[in-house]
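Open your viewer, switch to a cartoon view and keep the selection tool at hand. We will go from stop to stop, selecting a few residues each time.

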Amino acid sequence: MADTIKVTLVKSTIGRIPKHRKTVEALGLKKVGKTVELPNNAATQGMIKQVEYLLKVEE
């Protein structure tokens with residue numbers, strides 16, 4: 001497994017569950033199309049799993 005993963009926000013958080021909006025923001029994503037590199041650990045994987053319908057993930 002890679003040490004980091006690239007996460008891109010591909011759908012808007014408008015109208016989503018407030019908890020999911022906060023999770024996306026905690027991942028460091030604010031605008032659609034924004035990409036961040038995050039450490040590949042259990043905490044990050046759990047956050048991604050919760051809002052995977054809004055994201056594109058690459059290793």
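**Stop 1: a pair across two strands.** Select K6 and look across to β3: standing opposite K6 is E58. Keep in mind as you look that this is a predicted model. Now colour β1, residues 4-9, and β3, residues 55-58. The two strands run antiparallel, and four bridges join them.

**Stop 2: the whole sheet.** Add β2, residues 35-39, to your selection. In what order do the strands of the sheet lie? The order is β2-β1-β3, in an open sheet of three strands with antiparallel pairing. The edges are formed by β2 and β3, each of which pairs on one side only. Turn the sheet slowly and follow its twist, which averages 30° from one strand to the next.

**Stop 3: a helix across the sheet.** Next, select α2, residues 42-50. This helix lies across β1, β2 and β3, and runs at about 25° to β1.

**Stop 4: the two sides of α1.** Select residues 18-26, which make up helix α1, and show the side chains of H20, T23 and V24: these are its buried residues. Why do they sit on the same side of α1? Because they cover an arc of only 100° around the axis. What do these buried residues pack against? Their partners are β1 and α2, which you have already coloured.

Now rotate to the face of α1 turned away from the buried side. Here you will find the exposed residues P18, K19, K22, E25 and A26. Before you leave, click on G28, just after α1: G28 takes a positive phi of about 95°.

**Stop 5: the salt bridges.** How many salt bridges does the structure hold? There are two to look for.

- For one of them, select K49 and E52, whose side chains meet at 3.9 Å, N to O. Are these residues buried or exposed? K49 counts as exposed, at 57% relative accessibility, while E52 is partly exposed, with a relative accessible area of 44%.
- For the other, go back to E58 from the opening stop and add K56: their side chains meet in a salt bridge of 3.4 Å, N to O. K56 counts as partly exposed at 42% relative accessibility, and E58 also counts as partly exposed, at 34%.

**Last look.** Show E58 together with both partners from the tour: K6, which stands opposite E58, and K56, which meets E58 in a salt bridge.

Notes:
Residues numbered from 1 in each chain as written. Predicted model: local features only at pLDDT ≥ 70, side-chain atom pairs only at ≥ 80, totals over all residues. Heavy atoms only, no water. Buried < 20%, exposed > 50% of the residue type's maximum accessible area, 1.4 Å probe, protein only. Arc of directions from axis to C-beta. Contact = heavy atoms within 4.5 Å. Pairing = 2+ DSSP bridges. Axes fitted to C-alpha atoms, helices over the stretch in contact; angles between N-to-C directions. Salt bridge = Lys/Arg side-chain N within 4 Å of Asp/Glu carboxyl O.
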